[in-house]
Amino acid sequence: MSESSSSASLLSSKEDVIQLIKRFGAYLTIKMSNLFSISFHNLDSRSVGAIAGLALAIVFTWRLVRTPGGPQRRQPKRQAPTTSTSVPSNQSNATVIPSGVSPPPEDLRAQNLVDEFFQPVKPTLGQIVRQKLSEGRKVTCRLLGVVLEESSPEELQAHQATVRSSVLEVLLEITKFCDLYLMERVLDEESEKKILLALENAGIFTSGGLVKDKVLFCSTEMGRSSFVRQLEPDWHIDTNHEIISQLARFIKYQLHISPTRPERTASNVFSSPALEQFFGNI
(Lines give C-alpha, C1' and ligand atoms only; values in the text may rest on other atoms or scores of the structure.)
Protein backbone atom coordinates (compact mmCIF):
# COMPACT_ATOMS: atom_id res chain seq x y z
CA MET A 1 0.00 0.00 0.00
CA SER A 2 2.82 2.39 0.92
CA GLU A 3 4.71 1.53 -2.31
CA SER A 4 1.62 2.34 -4.39
CA SER A 5 1.16 5.65 -2.60
CA SER A 6 4.83 6.53 -3.10
CA SER A 7 4.68 5.69 -6.82
CA ALA A 8 1.56 7.81 -7.26
CA SER A 9 3.24 10.71 -5.46
CA LEU A 10 6.36 10.47 -7.67
CA LEU A 11 4.20 10.33 -10.82
CA SER A 12 2.21 13.39 -9.73
CA SER A 13 5.41 15.28 -8.90
CA LYS A 14 6.91 14.43 -12.30
CA GLU A 15 3.76 15.62 -14.10
CA ASP A 16 3.87 18.89 -12.14
CA VAL A 17 7.50 19.41 -13.17
CA ILE A 18 6.66 18.71 -16.82
CA GLN A 19 3.80 21.22 -16.72
CA LEU A 20 6.11 23.77 -15.07
CA ILE A 21 8.71 23.29 -17.81
CA LYS A 22 6.06 23.65 -20.53
CA ARG A 23 4.74 26.89 -19.04
CA PHE A 24 8.24 28.23 -18.59
CA GLY A 25 9.10 27.25 -22.17
CA ALA A 26 6.09 29.15 -23.48
CA TYR A 27 7.13 32.17 -21.43
CA LEU A 28 10.68 31.97 -22.78
CA THR A 29 9.37 31.67 -26.37
CA ILE A 30 7.45 34.94 -26.00
CA LYS A 31 10.42 36.71 -24.41
CA MET A 32 12.89 35.44 -27.02
CA SER A 33 10.62 36.49 -29.91
CA ASN A 34 10.32 39.98 -28.38
CA LEU A 35 14.07 40.23 -27.94
CA PHE A 36 15.01 39.06 -31.42
CA SER A 37 12.40 41.24 -33.08
CA ILE A 38 14.71 44.14 -32.28
CA SER A 39 16.85 45.21 -35.22
CA PHE A 40 20.44 44.02 -34.96
CA HIS A 41 21.72 47.54 -35.52
CA ASN A 42 19.61 48.83 -32.64
CA LEU A 43 20.99 46.40 -30.05
CA ASP A 44 22.52 48.34 -27.17
CA SER A 45 24.25 47.26 -23.99
CA ARG A 46 20.90 46.81 -22.21
CA SER A 47 19.58 44.46 -24.89
CA VAL A 48 22.76 42.39 -24.83
CA GLY A 49 22.60 42.28 -21.04
CA ALA A 50 18.97 41.14 -21.18
CA ILE A 51 19.86 38.29 -23.56
CA ALA A 52 22.77 37.22 -21.36
CA GLY A 53 20.57 37.35 -18.26
CA LEU A 54 17.90 35.28 -19.97
CA ALA A 55 20.47 32.64 -20.93
CA LEU A 56 21.68 32.44 -17.34
CA ALA A 57 18.08 32.16 -16.14
CA ILE A 58 17.56 29.16 -18.45
CA VAL A 59 20.62 27.39 -17.02
CA PHE A 60 19.77 28.03 -13.38
CA THR A 61 16.11 27.09 -13.89
CA TRP A 62 17.12 23.85 -15.57
CA ARG A 63 19.51 22.95 -12.76
CA LEU A 64 16.84 23.82 -10.17
CA VAL A 65 14.25 21.62 -11.88
CA ARG A 66 16.53 18.62 -12.32
CA THR A 67 17.99 18.72 -8.75
CA PRO A 68 16.44 15.98 -6.55
CA GLY A 69 14.54 17.04 -3.43
CA GLY A 70 17.20 15.69 -1.07
CA PRO A 71 20.43 13.70 -1.00
CA GLN A 72 20.03 10.17 -2.23
CA ARG A 73 22.21 7.30 -1.22
CA ARG A 74 23.38 4.86 -3.85
CA GLN A 75 21.74 1.49 -3.41
CA PRO A 76 24.16 -1.44 -2.99
CA LYS A 77 24.04 -4.05 -5.71
CA ARG A 78 22.25 -7.20 -4.66
CA GLN A 79 23.68 -10.57 -5.60
CA ALA A 80 21.25 -12.59 -7.67
CA PRO A 81 20.75 -16.11 -6.24
CA THR A 82 21.80 -19.05 -8.38
CA THR A 83 18.85 -21.25 -7.35
CA SER A 84 15.72 -21.93 -9.33
CA THR A 85 14.02 -18.95 -7.63
CA SER A 86 16.14 -16.44 -9.59
CA VAL A 87 13.28 -15.22 -11.79
CA PRO A 88 10.93 -14.13 -8.97
CA SER A 89 13.89 -12.59 -7.11
CA ASN A 90 14.82 -10.44 -10.15
CA GLN A 91 11.26 -9.21 -10.43
CA SER A 92 11.23 -8.12 -6.78
CA ASN A 93 14.58 -6.34 -7.21
CA ALA A 94 13.16 -4.28 -10.07
CA THR A 95 10.60 -2.76 -7.70
CA VAL A 96 13.11 -2.06 -4.93
CA ILE A 97 15.56 0.15 -6.98
CA PRO A 98 14.36 3.77 -6.74
CA SER A 99 13.66 5.64 -9.96
CA GLY A 100 15.99 8.53 -9.02
CA VAL A 101 19.15 6.41 -9.28
CA SER A 102 19.08 6.22 -13.09
CA PRO A 103 17.63 9.30 -14.83
CA PRO A 104 15.32 8.81 -17.83
CA PRO A 105 16.89 8.97 -21.34
CA GLU A 106 14.97 12.19 -22.07
CA ASP A 107 16.65 13.94 -19.13
CA LEU A 108 20.08 12.74 -20.25
CA ARG A 109 19.54 14.01 -23.80
CA ALA A 110 18.31 17.37 -22.52
CA GLN A 111 21.27 17.70 -20.17
CA ASN A 112 23.69 16.83 -22.99
CA LEU A 113 22.13 19.54 -25.16
CA VAL A 114 22.46 22.13 -22.37
CA ASP A 115 26.08 21.14 -21.68
CA GLU A 116 26.94 21.27 -25.38
CA PHE A 117 25.30 24.68 -25.83
CA PHE A 118 27.10 26.29 -22.90
CA GLN A 119 30.53 24.70 -23.36
CA PRO A 120 33.35 27.25 -23.88
CA VAL A 121 34.10 28.12 -27.51
CA LYS A 122 37.72 28.44 -28.62
CA PRO A 123 38.31 31.94 -30.04
CA THR A 124 39.45 32.35 -33.63
CA LEU A 125 42.82 33.81 -34.57
CA GLY A 126 41.08 36.99 -35.75
CA GLN A 127 39.40 37.41 -32.35
CA ILE A 128 42.72 36.85 -30.55
CA VAL A 129 44.49 39.41 -32.76
CA ARG A 130 41.83 42.05 -32.10
CA GLN A 131 41.89 41.35 -28.38
CA LYS A 132 45.69 41.43 -28.12
CA LEU A 133 45.92 44.67 -30.08
CA SER A 134 43.22 46.22 -27.85
CA GLU A 135 41.18 47.10 -30.94
CA GLY A 136 44.01 49.27 -32.28
CA ARG A 137 43.40 50.51 -35.81
CA LYS A 138 46.89 51.47 -36.99
CA VAL A 139 50.01 49.29 -36.72
CA THR A 140 53.59 49.89 -37.83
CA CYS A 141 56.00 46.97 -38.03
CA ARG A 142 59.63 46.37 -38.84
CA LEU A 143 60.35 43.75 -41.50
CA LEU A 144 63.76 42.26 -40.65
CA GLY A 145 63.61 39.77 -37.80
CA VAL A 146 59.82 40.03 -37.57
CA VAL A 147 58.26 39.32 -40.97
CA LEU A 148 61.40 38.24 -42.83
CA GLU A 149 63.79 35.42 -42.01
CA GLU A 150 66.75 37.77 -42.49
CA SER A 151 67.70 39.83 -39.44
CA SER A 152 70.04 42.56 -40.80
CA PRO A 153 70.37 44.80 -43.90
CA GLU A 154 73.73 43.16 -44.68
CA GLU A 155 72.17 39.69 -44.66
CA LEU A 156 69.35 40.94 -46.88
CA GLN A 157 71.84 42.43 -49.33
CA ALA A 158 73.65 39.10 -49.66
CA HIS A 159 70.58 36.84 -49.91
CA GLN A 160 67.03 36.76 -51.25
CA ALA A 161 64.34 38.03 -48.89
CA THR A 162 62.21 35.27 -47.35
CA VAL A 163 58.87 35.79 -45.62
CA ARG A 164 58.50 33.65 -42.47
CA SER A 165 55.65 31.23 -43.13
CA SER A 166 54.70 31.06 -39.44
CA VAL A 167 54.00 34.79 -39.26
CA LEU A 168 52.06 35.06 -42.53
CA GLU A 169 48.65 34.07 -41.14
CA VAL A 170 48.92 36.55 -38.26
CA LEU A 171 50.02 39.30 -40.63
CA LEU A 172 47.03 38.69 -42.90
CA GLU A 173 44.67 38.84 -39.90
CA ILE A 174 46.16 42.19 -38.85
CA THR A 175 45.60 43.62 -42.34
CA LYS A 176 41.90 42.68 -42.17
CA PHE A 177 41.03 45.30 -39.57
CA CYS A 178 44.19 47.42 -39.12
CA ASP A 179 45.92 50.02 -41.22
CA LEU A 180 49.30 48.26 -41.42
CA TYR A 181 52.59 49.87 -42.44
CA LEU A 182 55.75 47.79 -42.94
CA MET A 183 59.14 49.53 -42.81
CA GLU A 184 62.84 48.72 -42.97
CA ARG A 185 66.33 50.13 -43.25
CA VAL A 186 68.05 48.98 -46.44
CA LEU A 187 71.47 49.49 -48.00
CA ASP A 188 70.43 49.73 -51.66
CA GLU A 189 67.50 49.73 -54.08
CA GLU A 190 68.08 46.07 -54.89
CA SER A 191 67.21 45.18 -51.30
CA GLU A 192 63.95 47.11 -51.64
CA LYS A 193 63.04 45.08 -54.74
CA LYS A 194 63.85 41.83 -52.93
CA ILE A 195 61.50 42.70 -50.07
CA LEU A 196 58.63 43.78 -52.32
CA LEU A 197 58.99 40.63 -54.43
CA ALA A 198 59.00 38.39 -51.35
CA LEU A 199 55.87 40.06 -49.95
CA GLU A 200 54.13 39.79 -53.31
CA ASN A 201 54.99 36.10 -53.69
CA ALA A 202 53.64 35.45 -50.18
CA GLY A 203 50.27 36.91 -51.23
CA ILE A 204 50.27 39.81 -48.78
CA PHE A 205 49.31 42.32 -51.47
CA THR A 206 46.50 40.14 -52.84
CA SER A 207 45.11 38.19 -49.87
CA GLY A 208 45.64 40.96 -47.32
CA GLY A 209 44.69 44.61 -47.24
CA LEU A 210 48.25 45.84 -47.73
CA VAL A 211 49.41 47.92 -50.70
CA LYS A 212 52.98 48.51 -51.85
CA ASP A 213 52.76 52.20 -50.95
CA LYS A 214 52.56 51.17 -47.28
CA VAL A 215 55.95 49.44 -47.39
CA LEU A 216 58.43 52.15 -46.41
CA PHE A 217 62.21 52.18 -46.71
CA CYS A 218 64.91 54.32 -45.12
CA SER A 219 68.71 54.36 -44.86
CA THR A 220 69.08 54.77 -41.06
CA GLU A 221 67.53 53.42 -37.88
CA MET A 222 66.49 56.93 -36.92
CA GLY A 223 64.65 57.16 -40.22
CA ARG A 224 62.43 54.26 -39.15
CA SER A 225 61.80 55.97 -35.83
CA SER A 226 60.77 59.14 -37.69
CA PHE A 227 58.32 57.12 -39.83
CA VAL A 228 56.66 55.79 -36.70
CA ARG A 229 56.31 59.18 -35.04
CA GLN A 230 54.81 60.70 -38.18
CA LEU A 231 52.27 57.89 -38.61
CA GLU A 232 51.29 57.89 -34.89
CA PRO A 233 50.17 54.24 -34.75
CA ASP A 234 48.35 52.52 -31.90
CA TRP A 235 51.01 49.77 -31.99
CA HIS A 236 54.62 49.63 -33.18
CA ILE A 237 56.49 46.32 -33.54
CA ASP A 238 60.28 46.35 -33.62
CA THR A 239 63.42 44.41 -32.70
CA ASN A 240 65.61 47.40 -31.84
CA HIS A 241 65.64 48.02 -28.07
CA GLU A 242 66.89 51.59 -28.47
CA ILE A 243 64.06 52.54 -30.82
CA ILE A 244 61.51 50.89 -28.53
CA SER A 245 62.82 52.93 -25.59
CA GLN A 246 62.80 56.20 -27.54
CA LEU A 247 59.24 55.73 -28.77
CA ALA A 248 57.77 54.53 -25.46
CA ARG A 249 56.50 57.99 -24.48
CA PHE A 250 55.04 58.74 -27.92
CA ILE A 251 53.35 55.49 -28.97
CA LYS A 252 50.39 53.98 -27.12
CA TYR A 253 51.63 50.36 -27.25
CA GLN A 254 54.78 48.64 -28.50
CA LEU A 255 55.82 45.03 -29.02
CA HIS A 256 59.53 44.25 -28.68
CA ILE A 257 60.48 41.11 -30.63
CA SER A 258 63.51 39.56 -28.94
CA PRO A 259 64.76 35.95 -28.54
CA THR A 260 65.59 36.71 -24.91
CA ARG A 261 63.15 38.30 -22.50
CA PRO A 262 64.41 41.88 -22.08
CA GLU A 263 63.83 44.08 -19.08
CA ARG A 264 60.54 45.91 -19.46
CA THR A 265 61.29 49.56 -20.15
CA ALA A 266 57.73 50.87 -19.74
CA SER A 267 54.23 49.67 -18.87
CA ASN A 268 53.09 50.08 -22.48
CA VAL A 269 55.92 47.93 -23.90
CA PHE A 270 55.40 44.18 -24.31
CA SER A 271 57.87 41.54 -25.47
CA SER A 272 57.76 38.21 -27.28
CA PRO A 273 60.28 35.91 -29.02
CA ALA A 274 58.23 36.11 -32.22
CA LEU A 275 55.16 37.92 -33.54
CA GLU A 276 53.15 34.70 -33.93
CA GLN A 277 53.98 33.67 -30.35
CA PHE A 278 52.55 36.91 -29.02
CA PHE A 279 49.21 35.93 -30.57
CA GLY A 280 49.55 32.28 -29.55
CA ASN A 281 49.60 31.07 -33.16
CA ILE A 282 52.27 28.34 -32.77
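Student: Why is S258 called buried in this predicted model?

Tutor: Its relative accessibility is 13%. Buried means under 20%, so S258 counts as buried.

Student: Where is S258 placed?

Tutor: S258 sits in the loop that runs between strand 5 (253-257) and strand 6 (269-272). Leaving out residues up to four places away in sequence, S258 touches S272 and P273.

Student: What makes the pair of S258 and T260 a polar contact?

Tutor: Look at the distance: a polar atom of the S258 side chain lies 2.8 Å from the backbone oxygen of T260. The cut-off is within 3.5 Å, so the pair meets the distance condition.

Student: Happy with that! Now E232: how do you know whether it is buried or exposed?

Tutor: Same kind of reasoning. E232 has a relative accessible area of 62%. Exposed means over 50%, so E232 is exposed. This residue lies in the loop between helix 9 (221-231) and strand 4 (235-238). Its phi is near 50°, a positive value in a residue other than glycine.

Student: And which residues have the most contacts inside the largest nonpolar core?

Tutor: That core has 38 residues, and the ones with the most contacts inside it are L133, V147, I174, I195, L199 and L275. Helix 7 (residues 165-177) gives the most to this core, with six residues.

Student: What is L199 in contact with, leaving aside neighbours within four places in sequence?

Tutor: L199 is in contact with L143, V147, V163, L182, I204, F205 and V215. There is also a second, separate core of eight residues, which includes Y181, M183, L231 and I251.

Note on methods. Residues numbered from 1 in each chain as written. Predicted model: local features only at pLDDT ≥ 70, side-chain atom pairs only at ≥ 80, totals over all residues. Heavy atoms only, no water. Helix = DSSP H or I, 4+ residues; strand = E, 2+ residues; numbered from the N terminus. Buried < 20%, exposed > 50% of the residue type's maximum accessible area, 1.4 Å probe, protein only. Core = buried A, V, L, I, M, F, W, Y, C linked by side-chain atoms within 4.5 Å. Contact = heavy atoms within 4.5 Å. Polar contact = N/O pair within 3.5 Å; in protein donor to acceptor, adjacent residues only side chain to side chain.
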